[in-house]
Amino acid sequence: MPSDVNVKICGVTRPQDITAVVDAGARYIGLNFFPKSPRYVTPEKAAELAALTPEGICKVALVVNPTDAELDALTAVVPIDMLQLHGSETPERVAEIKARYGLPVMKAVGVGGPEDLAALDAYGRVADQLLVDTKPPKGADLPGGNGLAFDWTLIAGRRWPVPWMLAGGLTSETVAEAIRVTGARQVDVSSAVESAPGVKDAALIQGFCRAALPD
Ligand SMILES: O=C(O)c1ccccc1N[C@@H]1O[C@H](COP(=O)(O)O)[C@@H](O)[C@H]1O
């Protein structure tokens with residue numbers, strides 16, 4: 001895969017998923033520490049997966065409204081490279097977590113309509129990266145990872161002072177168009193590269209990465 005779009009495969013749970021990510025040329029893996037998710041891994045399991053991950057692949061810990069105690073426990077066991085905050089963490093909390101752990105922080109912001117765009121500007125002033133994801137439906141169990149896309153034209157031409165990733169219901173069929181419309185240079189996927197919830201599929205990962213930027 002050409003190297004000017006970075007792909008994140010989120011929610012890896014098994015050693016063979018790491019092999020699939022590396023073979024496909026993705027640049028990030030997401031380790032999911034949200035207990036309600038079908039992609040949840042314990043810190044101990046995540047440490048095993050991290051140990052199998054080659055240098056150069058960024059290991060991202062996905063957490064939702066974490067306490068310091070949870071982050072202390074996680075960072076003590078798993079050698080992560082970046083924290084992904086996927087809850088309702090305030091800009092102040094993002095800054096606090098950055099300062100306390102000394103790790104780059106990517107803040108997820110859910111987009112459902114134009115009223116959600118101001119949050120991207122606010123978090124763009126404190127986070128190291130932004131993850132522009134679909135706003136979850138009301139009452140959803142998961143704040144992300146629902147396989148739902150948003151209207152990409154809402155962010156067409158928008159830029160922030162930090163790198164950003166596009167997420168939300170991307171598939172091998174839609175990712176090229178999503179990149180074209182939004183100008184994203186980084187994309188994140190979970191549901192569409194699974195054969196069942198929480199079970200990553202090597203062929204789907206390969207297909208997604210190929211589609212993210214064809215030769
Ligand atoms: O994937 C999950 O289970 C999850 C749980 C809680 C918060 C975020 C989650 N996933 C993130 O959402 C994006 C989009 O997922 P999808 O492609 O629409 O399924 C995913 O890449 C994760 O970063």
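Which of the 26 residues around the ligand come nearest? In this predicted model, Ser-37, Gly-144, Gly-145, Ser-190 and Ser-191 come nearest among the 26 residues around the ligand. Two elements, β2 (28–32) and β8 (186–189), each give two or more residues to the shell around the ligand. Sorted by class, that shell holds 10 nonpolar, 13 polar and 3 charged residues.

**Confidence and annotation**

The protein chain has a mean pLDDT of 96, and 98% of its residues reach 70 or more. For the model, the scores are ipTM 0.97 and pTM 0.96. An unreviewed UniProt entry lists residues 7–209 under "domain: N-(5'phosphoribosyl) anthranilate isomerase (PRAI)". In the model, the span of residues 7–209 is 32% helix and 22% strand, and its end C-alpha atoms lie 7 Å apart.

**From strand to strand**

A run of paired strands can be followed from β3 to β7, and the table lists the pairings.

| Strands | Sense | Bridges | One pair of opposite residues |
|---|---|---|---|
| β3 (58–63) and β4 (82–85) | parallel | 4 | Val-63 and Leu-85 |
| β4 (82–85) and β5 (105–111) | parallel | 3 | Gln-84 and Met-106 |
| β5 (105–111) and β6 (129–134) | parallel | 6 | Val-109 and Val-132 |
| β6 (129–134) and β7 (164–166) | parallel | 3 | Leu-130 and Trp-164 |

The path begins with β3, which together with α3 and β4 makes a right-handed β-α-β unit. Within the pairing of β3 with β4, Val-63 has Leu-85 as its bridge partner, and Leu-85 also stands opposite Lys-107 in β5. Leu-85 of β4 can therefore be followed from one pairing into the next, with Val-63 as a bridge partner and with Lys-107 opposite in β5, while the strand itself belongs to a DSSP run of residues 82–85.

The next step leads from β4 through helix α4 (residues 91–101) to β5, and these elements again make a right-handed β-α-β unit. In addition to the contact of Leu-85 with Lys-107, Gln-84 stands opposite Met-106 in β5. In a regular strand the side chains alternate between the two faces of the sheet.

From β5 the chain crosses through helix α5 (residues 117–124) to β6, and this β-α-β crossover is right-handed as well. The two strands run parallel and are joined by 6 bridges, with Val-109 standing opposite Val-132 in β6.

Are the residues of strand β6 buried or exposed? Because 6 of the 6 residues of β6 are buried, this strand is largely enclosed by the rest of the structure. Its neighbour β5 is mostly covered, with 6 of its 7 residues buried. On to β7 there are 3 bridges from β6, again in the parallel sense, and here Leu-130 stands opposite Trp-164.

**Three single residues**

Asn-65 is found in the loop between β3 and α3, and so within the stretch that leads from the strand to the helix of the unit described above. Although Asn-65 is not a glycine, this residue has a positive phi of about 45°. How is Asn-65 classed, with 13 C-beta neighbours inside 10 Å? Asn-65 counts as partly exposed, because a residue is exposed at 12 or fewer such neighbours and buried at 20 or more.

Ala-192 lies in the loop between β8 and β9 (194–196). With 18 C-beta neighbours inside 10 Å, Ala-192 counts as partly exposed too. Ala-192 and Glu-173 are 19 residues apart in sequence, and their C-alpha atoms are 9.8 Å apart in space.

Cys-209 is found in helix α7 (residues 202–212), and this residue is also the last position of the annotated span of residues 7–209. With 25 C-beta neighbours inside 10 Å, Cys-209 counts as buried, since the cut-off for burial is 20 or more. Cys-209 and Pro-38 are 171 residues apart in sequence, and from C-alpha to C-alpha they are 22 Å apart in space.

Notes. Residues numbered from 1 in each chain as written. Predicted model: local features only at pLDDT ≥ 70, side-chain atom pairs only at ≥ 80, totals over all residues. Near = placed C-beta within 6 Å. Nonpolar A, V, L, I, M, F, W, Y, C, P; charged D, E, K, R; others polar. UniProt positions renumbered as here; feature names shortened; annotations may be inferred. Pairing = 2+ DSSP bridges. Right-handed = clockwise from strand over helix to strand, strands pointing away. pLDDT = per-residue confidence, 0-100.
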